[in-house]
Amino acid sequence: GGWVLLQNCHLGLDFMDELLETLLNAEIPNDTFRVWITTEQHPKFPITLLQIAIKFTNEPPQGIRAGLKRTFSGISQDLLNVSNLPMWKPLLYTVAFLHSTVQERRKFGPLGWNIPYEFNSADFTASVQFIQNHLKKIDIRKGISWSTVRYMIGEVQYGGRVTDDYDKRLLNCFARVWFNESMFDSSFCFYTGYKIPVCKTLEQYFEYIQLLPAMDSPEVFGLHPNADITYKNTSADVLDTITNIQPKESAGGSGETRESVVYRAAEDMLEKLPPDYIPHEVKARLVKMGALNSMNIFLRQEIDRMQRVITVVRTSLNDLKLAIEGTIVMSEANALDNMYDARIPQVWRRVSWESSTLGFWFTELLDRNAQLSTWIFQGRPKVFWITGFFNPQGFLTAMKQEATRAHKDWALDKVAVHNDVLKLTREEITSSPSEGVYIYGLYLEGAGWDKRRSILVESTPKILFVQLPVLHMFA
């Protein structure tokens, strides 16, 4: 009649099958017996075990109000009264506010944290314990040692989880702005309307927290209002899942069947698909341009990868047509579903790039191929579309090698890549630079661009991406 707890079961997947057998075959006389299992999400976790279990997840609540409520429900009146120093309660509230903020920033994806960290109540408890101990030891005349408090919170308690330099910088910034003498000022607030309440009892704290807004502006967490738009895009994922589980029967009535719609789309794509590269022609052109030049080696690798995409697309479209006609067995059933829902078939995505819809993906295929075939058959472009390469870093490395070879006395490991943002658009470029390359196709996210002064500025409301002018990359 007891309970068994098995922790971190994703580390012992082999044993899970054995456990399933045991549970199904064991004669357990007592109804109060329970097995608890804790695990991370894992693709190989036995499905049967999941299906017979009741699943329970513990997610941090959404929003500052809910987060503070949950944090304060774990605090006792004794903890509030643990110190009679006036600094104790405001510090406790600020740590709780920071705790909600770091958790809430996760929902904004890479805008919130570069790496989504699992901050949990243990971080909060440890920080509170540290502040409690620190207040016991301080000399009242000298007051709190702020540098110690900031270091412990920004580098040790919360910072101990943080592995990315920029994330660490962000966390230390929160610690610097919120943990200092001015937090005891009556005018101090985390953001307009979010003050530190002066309360004696837990009930008063709950009353104050209840008055906070249910929905927070991203600015409360130190983000631009545009961050909300990015976050709200999550609805697209939900709709994606819904389309995936829709029944797939052919439509009745007078409408076109799924098969004929996809057949027409496949024919249309095959017509527009660029021709294959003929190996001996490519080789002859490369020899003429200088086959050992680092840029041309890069071009050859890109063409090889492009050819692979064209081959895969052509083969699978032809197979799909034959399968719809009934000549061969339908092996790629999901290619049919994906094309009907305007999504990129899995086989194509594996050899290519990410894109939001099939239409965009196909247009990009034509544009990327146009850049490569122009380069090989008509000579080097004056300005390169860098986002149209499979390996943009390789392109910059090739440019770096080219510059190093042009200067006989340079050593490659002492050469660094630099860039200047020009004031020109790609249409205004008439000649190649004397050294290096001109590139375009880069976008800014999370900032705007002032063309006149060539500097970064704050984002304009409701504009998420800003195209940069042409860049001059040189070494």
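**Figure 1. Helix α1 and its buried side.** Welcome to this predicted model, where the opening view shows helix α1, residues 13-25. With 13 residues at 1.5 Å a residue, α1 should span 18 Å, and its end C-alpha atoms are 19 Å apart, which agrees. Look for Leu 13, Met 16, Leu 19 and Leu 20, the buried residues of α1. They cover an arc of only 105° around the axis, which puts them on the same side of α1. A general rule helps here: an α-helix has 3.6 residues a turn, so residues three or four places apart point the same way. The buried residues of α1 pack against three elements: β1 (3-6), β2 (34-37) and α2 (47-52). On the other side of α1 you will find Asp 14, Glu 18 and Asn 25, which are exposed.

**Figure 2. Helix α12 and its buried residues.** Here we move along the chain to α12, residues 258-272. This helix has 15 residues, and from its first C-alpha to its last it reaches 22 Å, close to the 21 Å expected at 1.5 Å a residue. Arg 258, Val 262, Ala 266, Met 269 and Leu 270 are buried in α12. Around the axis they cover an arc of only 100°, which puts them on the same side of α12.

**Figure 3. Two phenylalanine rings, Phe 108 and Phe 221.** Aromatic pairs are worth a look in this structure, which holds 32 of them. In the pair shown here, the ring centres of Phe 108 and Phe 221 are 6.0 Å apart and the ring planes meet at 50°, so the pair is tilted. Phe 108 sits in the loop between α5 (88-104) and α6 (121-137), while Phe 221 sits in the loop between α9 (202-210) and α10 (227-232), so the pair ties together parts that are 113 residues apart in sequence. Are these two residues buried or exposed? Phe 108 has a relative accessible area of 4% and is buried. Phe 221 is buried too, with a relative accessible area of 0%.

**Figure 4. Tyr 191, Tyr 194 and a cluster of rings.** The rings of Tyr 191 and Tyr 194 form another tilted pair, with centres 6.4 Å apart and planes at 45°. Tyr 191 counts as partly exposed, at 25% relative accessibility, whereas Tyr 194 is buried, with a relative accessible area of 4%. Both tyrosines belong to a cluster linked by ring pairs. The other members to find are Phe 72, Tyr 93, Phe 97, Phe 174, Trp 178, Phe 188, Phe 190, Tyr 205 and Tyr 208.

**Figure 5. Arginines over tryptophan faces.** Two arginine and tryptophan partners appear in this view. Arg 105 lies over the face of Trp 113, at 5.9 Å from the ring centre. Arg 368 lies over the face of Trp 353, at 4.0 Å from the ring centre.

**Figure 6. Ile 297 in helix α14.** Ile 297 is found in α14, residues 294-325. What is its relative accessible area? The value for Ile 297 is 28%, which makes this residue partly exposed. Setting aside neighbours within four places in sequence, Ile 297 is in contact with Ala 291 and Leu 292. You can also locate Leu 286, which is eleven residues from Ile 297 in sequence and 8.5 Å away in space, C-alpha to C-alpha.

**Figure 7. Asn 338 in helix α15.** This view centres on Asn 338, which lies in α15, residues 333-340. Asn 338 counts as buried, at 11% relative accessibility. Which residues does Asn 338 touch, not counting those up to four places away in sequence? They are Arg 343, Ile 344, Pro 345 and Gln 346.

**Figure 8. Leu 412 in a loop.** Our last close-up shows Leu 412, in the loop between α18 (392-406) and β6 (418-421). Leu 412 counts as partly exposed, at 41% relative accessibility. Leaving aside neighbours within four places in sequence, Leu 412 is in contact with Lys 400, Gln 401 and Thr 404. Glu 402 is ten residues from Leu 412 in sequence, and their C-alpha atoms are 9.9 Å apart in space.

Conventions: Residues are numbered from 1 along each chain as its sequence is written. This is a predicted model: local features need pLDDT of at least 70, side-chain atom pairs count only at pLDDT 80 or more; totals for chains, interfaces and linings use all residues. Side-chain values use heavy atoms; hydrogens and water are left out. Helices (H or I, at least four residues) and strands (E, at least two) are DSSP runs, numbered from the N terminus. The expected span of a helix is 1.5 Å times one less than its number of residues. Buried means under 20% relative accessible area, exposed over 50%, partly exposed in between (1.4 Å probe, protein chains only). The arc is that of the directions from the helix axis to the C-beta atoms. Contact means heavy atoms within 4.5 Å. Rings of Phe, Tyr and Trp (its six-membered ring) pair if their centres lie within 6.5 Å; planes under 30 degrees apart count as stacked, over 60 as edge-to-face and the rest as tilted. A charge sits over a ring if NZ of Lys or CZ of Arg is within 6 Å of the ring centre and within 35 degrees of the ring normal.
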